[in-house]
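Welcome, and please open the structure in your viewer. We will go from stop to stop, with something to select at each one.

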Amino acid sequence: GMSIRNLPIRRRKSVAVKIGDLTIGGDAPVMVQSMTNTDTGDVESTVAQVAALAAAGSEVVRLTVDRDDAAKAVPYIREKLDKTGVDVPLVGDFHYIGHKLLSHFPSCAETLAKYRINPGNIGGVKKRDQRFSAMIDIALKYDRPVRIGVNWGSLDDDLATRMMDANAAAANPRDAGDVICEALVVSALESAARAEELGL
């Protein structure tokens, strides 16, 4: 049989985006990104891990920015990395209160090269658009790209329920797993379209 390694890989056409001095997408080479598992509020251990990841070949490093201490630490992490010549761009991974952290800690918003938003974990329907819009506004203010990241563990409940209900009512219902996979894609695409509507 044919090995998957022998299959030709066709890249999806995408818009090129700048992350610091690097370019992702378009015709740019595929970029290696990793993520720390330290407490971002612990500046020393996070700096050490980012430096180790960069030394191992990571071109971009993502940090969890989940509370005030983490947001406050980001500029100090960047400063210490710069002093040691580690210029890898830092990406902020936000959950639930990203809109507050980015607005309350402008130095964090400015320091990060990119923001990552998971539409499934920024609050219920009523709050979601307001929070999402606030984060997009800040990204526009600092001219930062935004990654819309969806995953199984934090899929938008309302969207999943809506799609599962529609599937159950269909003449030929599909496998539930297939519907959930489609919901992940729809969540990402709808959020990206909303970000574009907002000017990103």
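Before we set off, one cut-off will help: angles under 35 degrees count as roughly parallel, over 145 as roughly antiparallel, 65 to 115 as roughly perpendicular, and the rest as oblique. Please also keep in mind that this is a predicted model.

**Stop 1: two helices that cross**

Select helix H6 (residues 157-169) and helix H7 (residues 176-197), whose axes come within 9 Å and cross at roughly 135 degrees. How are H6 and H7 oriented to each other? The angle of roughly 135 degrees falls outside the named ranges, so H6 and H7 are oblique to each other. Their crossing is right-handed.

Now show the side chains at this contact. From H6, pick Leu159, Ala160, Arg162, Met163, Met164 and Asn167. Their partners in H7 are Ala176, Val179, Ile180, Glu182, Ala183, Val186, Ser187 and Glu190. If you colour the residues of this contact by type, you will find nine nonpolar, two polar and three charged.

**Stop 2: the sheet**

Next, select the strands of the open sheet. There are five, in the order S3-S4-S5-S6-S7, and their pairing is parallel. At the edges you will find strand S3 (33-35) and strand S7 (146-148), each of which pairs on one side only. Look along the sheet for its twist: neighbouring strands are turned by 25 degrees against each other on average, direction ignored.

Zoom in on strand S4 (residues 60-65) and strand S5 (residues 90-94), which run parallel and are joined by five bridges. Here you can pick out Arg62, which stands opposite Val91 in S5. Then add helix H1 (residues 43-55), which packs on the sheet and touches S3, S4 and S5. The direction of H1 makes about 155 degrees with that of S4.

**Stop 3: two loop residues**

Move to the loop between S5 and helix H3 (98-104) and select Tyr96. Phi of Tyr96 is near 60 degrees, a positive value in a residue other than glycine. Tyr96 counts as partly exposed because its relative accessibility is 49%.

For the last selection, go to the loop between helix H5 (125-141) and S7, where Asp143 is found. Asp143 is not a glycine, yet it has a positive phi of about 55 degrees. Is Asp143 buried or exposed? With 68% relative accessibility, Asp143 counts as exposed.

Note on methods
Residues numbered from 1 in each chain as written. Predicted model: local features only at pLDDT ≥ 70, side-chain atom pairs only at ≥ 80, totals over all residues. Heavy atoms only, no water. Pairing = 2+ DSSP bridges. Helix = DSSP H or I, 4+ residues; strand = E, 2+ residues; numbered from the N terminus. Axes fitted to C-alpha atoms, helices over the stretch in contact; angles between N-to-C directions. Contact = heavy atoms within 4.5 Å. Left-handed = near helix turned anticlockwise from the far one by under 90°. Nonpolar A, V, L, I, M, F, W, Y, C, P; charged D, E, K, R; others polar. Buried < 20%, exposed > 50% of the residue type's maximum accessible area, 1.4 Å probe, protein only.
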